[in-house]
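Okay, thanks for making time, everyone. I'd like to walk you through how two chains meet, and then take questions.

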Amino acid sequence: MNKARETILARIRHTLRGDDKTLNDVAVKPPLRQPSCGPQPSWQEDDVSRFINKLEGVAGSISHISSTDEVVPAITAYLQQHDIPLNLVNARSSILDGIAWSDDFMVEQRKATGADTTVLTEAYAGVAETGSLVLLSGADSPTSLNFLPDNYLCILKRENLVRHIEGVWQRLRQEQTGLPRAINFITGPSRTADVEQTIQLGAHGPRRLHVILLEQI
Amino acid sequence: MKSSSLTFRKNAEQALLDTQLQRALDIAGSGFIDKRRAAMDALPEYEQLRHTAREIKEHTLSRLDEYLLQFEQQVLDNGGQVHWAGTPKQATDIIVSLCRDANAGKVTKGKTMVGEEIGLNEALQAAGMTPVETDLGEYIIQLADEPPSHIIAPAIHKTREQITTLFKQHHARLGLTQPLETVPAIVNEARQVLREEFIQAEAGITGANLLIAETGSTVLVTNEGNGDLTASLPRVHIVIASIEKVVPTLEDATVILRLLARSATGQEITSYTSFFTGPKRETDLDGPDHFHVVLVDNGRTDMLGNEYHSMLRCIHCGACLNHCPVYSAIGGHAYGWVYPGPMGAVLTPLMIGLSQAPDLPQASTFCGRCAEVCPMSIPLPDLLRQHRFNLTEQHGVKLKSRLALASWGFLAVRPRLYRWIMNRITCLLHWVSRGRGRLQKVPFAGGWTQSRDLPAPQGETFIAAWQRQQARRKADNE
């Protein structure tokens, strides 16, 4: 459909600049425009409180831990509270790989299937502005984990909490590793209001979302 | 999609008499309006964001060719492919052939309004494939074999009972026969049925809320997570997007995203906002092997730089539909094509031709609420007026209207005669109403009195009453 491409571009050029140059005459030299930050919402409270307020406002929940040793007790408490079996699939990261699971747990590291009930991941970042978790796809972090299970557990290190969404872009630019296939901003559990505008959690993605905030001391 | 915009007047009349539809519209009520209001009240930066968003879009449109080329280059560099389609036919041909290459029997779909524009489901079916809508609202109307009636809440016209009946009809073959009485039961059954479809599908098609030139990413905003499952589980991910969706940078996209969810549902951000860049990487454990973006023009290059240019800023939030008194009374189907409400009344004539939708620009009271709530500051009433202007240019004014206007013009420049005649008419109407205060029939106003009574004048004109009162005051003072 190269013809369509040329037609569309020629029509745009003709309208914008009145020229009828062929495609090759205009070379694009990125970046056309330097990234510049637009207006951002502001708030009074500290960023952690803002994150928690926003997260709880969209039916997410949170537990606070101060060392990686507390991950297993925090997860055990959450799953038992909701009567969820202690089976889970987890992603990989230095924290996740270092967890010493008790014998009560059945833990696998792989991508998700439609039958998995509970998943544990570690977020690349959290966003105080919106209460969002940010997950990047990759060998250690398959995207299916974020969407297939009923219960979504996610560890967020305090140092990875950014103030605004733009903080994520800034970090990605600094790392210079290019974008992954998928960047998911996840804000609360899956929801729908398609039946009589009534909000119902757990449409196609997780029914529950729980953040484990790790404040390293 | 086949249009019935030509019969808008009849459609609207039927919609007003459709009790199920009126009940569904009542249930929807002012939910969207109240939620949007609350979200904007909590955002003092709203006007600043709105201003910046407009600037970003206008800048992008002023260099649209360059940004599209930059986007294309970035998609290619990330291992994806870009396809260009001028017409709906070109777009469906491309997508059908991509699905064929993927040996796709079943194709899952996220919500895409451009997909509706080009008649994508019909094309896939004609090619022997089974498109499965996965957004719950879209799934419901696919079962009902109806088009969406709202751009972000496609099944807003359906009541819970109607949905229950549809599910019973279509899910019985899957052994699902339990009665569905509650909203959770309906949502759970859809989740169960569609879960299998997500896993089986060979290709997934999603729309895009934005395209980002600097990274070659496509942005997808959903609440259900269906778009992400559609984009990540099948071997092939096809994104379909119209050309005006492109913005320069991730930061620019962020500004628009801050306005989009708030304007649409009153959320600060939707449950899922995802950025897709290319196919799965070598070491990824999941994700599609192939990533395609189909860029669709379908009339947009015509709008660039002409009197409807500002419509290209539209981000499809639906706020103008939610705030429109006409839309709220008749719902979306009466508009007869893909896009309803004020934005639809502007876009439809541009896409299917003014002669195919001559009454849509009339479907407005020009109250201005749509322009007021538009996050991209699109002057929708002005654009509707432009359509009316063009229509008049093309077809002229009817003799009856011309005569009426000419007579009024004659009288308007002769105030004494005008007042004398008005006095006579007022007295006459008062006399005819026999003090009942209303008139069921009035000569030359049959259209008006067909569905309502004309309040009868009380016996004198305003000016006569004013003069009488002034005279009395003067007498009292003396």
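**The interface, starting from one pair**

Let's zoom straight in: B:Asp252 and A:Arg33 form a salt bridge through their side chains, with 3.1 Å from N to O. Keep in mind, by the way, that this is a predicted model.

So how many salt bridges are there between chain B and chain A? The count comes to 14. For polar contacts between chain B and chain A, we get 43 residue pairs, with both partners at pLDDT 80 or more.

Which element of chain B gives the largest share of the side that touches chain A? That's helix 11 of chain B, residues 183-200, which puts in eleven residues. On the makeup of that side of chain B, we have 44 nonpolar residues, 30 polar and 27 charged.

Okay, zooming out. In total, 101 residues of chain B contact 73 residues of chain A. The two chains bury about 7200 Å² between them, and carbon and sulfur atoms account for 57% of that.

There's strand pairing across the chains too. Strand 9 of chain A, residues 182-186, runs antiparallel to strand 9 of chain B, residues 272-276, and five bridges join them. If you want a spot to click on, A:Ile186 sits opposite B:Tyr272 there.

Last bit, on chain B itself. The domain assignment splits out domain 1 at 43-302 and domain 2 at 410-477. How far apart are the C-alpha centres of those two domains of chain B? They lie 57 Å apart.

That's me done, over to you.

Notes:
Residues numbered from 1 in each chain as written. Chains lettered and ligands numbered in written order. Predicted model: local features only at pLDDT ≥ 70, side-chain atom pairs only at ≥ 80, totals over all residues. Heavy atoms only, no water. Contact = heavy atoms within 4.5 Å. Buried area = accessible area lost by both parts, 1.4 Å probe. Salt bridge = Lys/Arg side-chain N within 4 Å of Asp/Glu carboxyl O. Polar contact = N/O pair within 3.5 Å; in protein donor to acceptor, adjacent residues only side chain to side chain. Helix = DSSP H or I, 4+ residues; strand = E, 2+ residues; numbered from the N terminus. Nonpolar A, V, L, I, M, F, W, Y, C, P; charged D, E, K, R; others polar. Pairing = 2+ DSSP bridges. Domains from an automatic or database assignment.
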